[in-house]
Amino acid sequence: MLPGWNLFPSLLVVLLQCLRCDAFNGTLVDKVETMAPPRTPPTPATPWKRPPIVYDRDLVIELVEAAEYPIEKHVLTTPDGYILKLHRIPDPLQFEDTTTPTASDQDSELLRFGPKNRFRGAVLLVPGLFSTAADFVVTGPENGLAFVLADAGYDVWMANVRGSRFARKNVRLNVAQSEFWDFSFHEIGTIDIAAIVDYILRETNQPKVFYVGHNQGMSDLLALLASKPRYNRKIHHAIGLAPVAFLGTTENRVIRRAAELTDRLYATLRSMNVNEIKPSPDFVRLLSGTVCSGETNELCAEMLRGFLGSTVDRSRNLLPIIVDDLLSSISTRQLIHFGQLMQTRKFQQFDHKNHMINMQRYGQGKPPEYNLSRVRLPVSLFYGTRDFVTSIKDAYKLKDELKNVKHFIEVPGMNHIDFVYSDKLYGLVNRKIIEIFNEN
């Protein structure tokens, strides 16, 4: 018999046991068969809902949310790389009202805004120089144009153009580079406004938008339509509030003297490499948080009365917010461009004060005038009798140059800034804007 043969039966028994067991950490454990869990029927698919978006806080969002209106912020990039933020009070039909209105609610709504739950179209609001989208909400839901238009059934979009507080980024440049500030209202109109209009049409699936521009906001549109007439087909009706195009006949001595010094100022700023006109943040905080608040409100009013006129007296409680909104950056070229318009009394492109640069840009030694005969869409113009930037003569000259002015409205006692900051906006201006738009 071979050595160890007598161990074979014992090994065989162990082998058979291992076939019926699992080895774990050297210990034999009996194997327990587990049952598969019962299959549960699949749950029915539920429609996807976009989660609420948490936006970066800014003055516009805070003012709109404080008034309990919906607010969205959209971001787009222009062909030359500027990143613009748009504020939107959306189409009211997107938000169903679950409350049952009373008879008195219905009567008051019909009296002020017209039929309920009727979508009337998208409207673009463009602020003026040194301003942002906050212009159209700063006076609150009773007077702010954005609120009033939203209540009337419009999908309201508020623009922020390059260089302003909400549009200080570029995909290739930063604000410390002089190239970032190489623009005036011409580039804002032909690039920014064109991109914004196209974006709104894509987002809303509307064929056209309504347009309201204050101050430079109307200059932007006129530059766009004179340079790219195809955008006449994309706008229902344009309204200019204290529009700036032809300048130079104002009786304000400070503004006239500043216009006379435009060339000297431009040469000085270029030699100092100053490309941005930006109020100091410390100065803004001092004015809005200290001087224009509390007991020193009267001091702030005296400081600003020469600039804001009667707005200071009418909207005294809003002064801290107005100061915070107004003091936004602009490019040096923007300011110089308006000074040149006052000098020449022509609505023309920017004069580089260099024959070779003008030849490269325009093909001629002098900047060309804008051909306003290309502005074909319906236009309505509002001007104030106390405007310190433009004059009644300037307003009439613009009216004569445009070929399709539907309404030319004089607002007694209104100055240049009153069109966005007055506490009487609804009765004097905003109600008329709604009537004009409703005609379309």
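## Report on a predicted model

Ile434 is buried, with 5% relative accessible area. The model in which this residue sits is predicted. Ile434 belongs to helix α17, which covers residues 425-438. Leaving aside neighbours within four places in sequence, Ile434 is in contact with Val148, Leu149, Ala152 and Tyr154. Val148 is 286 residues away from Ile434 along the chain, yet the C-alpha atoms of the two are separated by 8.5 Å.

### The chain as a whole

The protein chain has 440 residues, and 49% of them count as buried. The chain holds 17 helices and 13 strands. Among contacts in the chain with a separation of 6 or more, 74% are between residues 24 or more positions apart. The contact of Ile434 with Val148, 286 residues away, is one example of such a long separation.

### The nonpolar core

In soluble globular proteins, nonpolar side chains tend to be buried together. The largest nonpolar core in this model has 105 residues, and Leu125, Val156, Met158 and Phe382 touch the most other members. Helix α5, residues 185-204, gives the largest share of this core, with 10 residues.

What does Leu125 touch, not counting residues up to four places away in sequence? Its partners are Phe136, Leu145, Ala146, Leu149, Val156, Trp157, Met158, Ala159 and Val212. Leu149 also appears among the contacts of Ile434.

### Strand β6 and the strands beside it

Strand β6 spans residues 154-158, and five of its five residues are buried, so the strand is largely enclosed by the rest of the structure. In a regular strand the side chains alternate between the two faces of the sheet. In β6, Tyr154, Val156 and Met158 are on one side, Asp155 and Trp157 are on the other, and both faces are covered.

Strand β6 pairs with β4 and with β5, and β4 also pairs with β3. The table gives the direction and the number of bridges for each pair.

| Strand pair | Direction | Bridges |
|---|---|---|
| β4 (residues 82-89) and β6 | antiparallel | three bridges |
| β5 (residues 121-126) and β6 | parallel | five bridges |
| β3 (residues 72-77) and β4 | antiparallel | six bridges |

Single residues show how these strands line up. Ile89 stands opposite Val156 in β6. The bridge partner of Gly121 in β6 is Tyr154, a residue that is also in contact with Ile434. Between β3 and β4, Glu72 has Arg88 in β4 as its bridge partner. The hairpin of β3 and β4 has four residues between the strands, and Gly81 there takes a positive phi near 95 degrees.

### Two helices

Helix α6 covers residues 216-227. At 1.5 Å a residue, its 12 residues should span 16 Å, and the end C-alpha atoms are 16 Å apart, which agrees. Is this helix mostly covered or mostly open? Helix α6 is mostly covered, with 11 of its 12 residues buried. Among the buried residues are Gln216, Ser219 and Asp220, together with Leu221, Leu222, Leu224 and Leu225.

Thr332 is placed in helix α13, residues 332-344. Thr332 is buried, with a relative accessible area of 5%. Beyond four places in sequence, Thr332 touches Leu269, Val274, Asn275, Glu276 and Ile277.

### Aromatic rings

The structure holds 18 aromatic pairs. A pair of aromatic rings is described by the distance of the centres and the angle of the planes. Tyr396 and Phe408 form an edge-to-face pair, 4.8 Å centre to centre with 70 degrees between the planes. Tyr396 lies in helix α15 (residues 392-401) and Phe408 in strand β13 (residues 405-411), so the pair ties together parts that are 12 residues apart in sequence.

Are these two rings' residues buried or partly exposed? Tyr396 is partly exposed, with a relative accessible area of 38%. Phe408 also counts as partly exposed, at 22% relative accessibility; the cut-off for buried is under 20%.

Elsewhere, ring pairs link Phe185, Phe246, Phe338, Phe347 and Tyr370 into a cluster. Rings also meet charged groups. The charged end of Arg162 sits over the ring of Phe183, 5.7 Å from its centre. The charged end of Arg333 sits over the ring of Phe350, 4.5 Å from the ring centre.

Note on methods
Residues are numbered from 1 along each chain as its sequence is written. This is a predicted model: local features need pLDDT of at least 70, side-chain atom pairs count only at pLDDT 80 or more; totals for chains, interfaces and linings use all residues. Side-chain values use heavy atoms; hydrogens and water are left out. A nonpolar core is a set of buried Ala, Val, Leu, Ile, Met, Phe, Trp, Tyr and Cys residues joined through side-chain atoms within 4.5 Å. Buried means under 20% relative accessible area, exposed over 50%, partly exposed in between (1.4 Å probe, protein chains only). Helices (H or I, at least four residues) and strands (E, at least two) are DSSP runs, numbered from the N terminus. Contact means heavy atoms within 4.5 Å. Rings of Phe, Tyr and Trp (its six-membered ring) pair if their centres lie within 6.5 Å; planes under 30 degrees apart count as stacked, over 60 as edge-to-face and the rest as tilted. A charge sits over a ring if NZ of Lys or CZ of Arg is within 6 Å of the ring centre and within 35 degrees of the ring normal. The expected span of a helix is 1.5 Å times one less than its number of residues. Two strands pair if DSSP finds at least two bridges between them.
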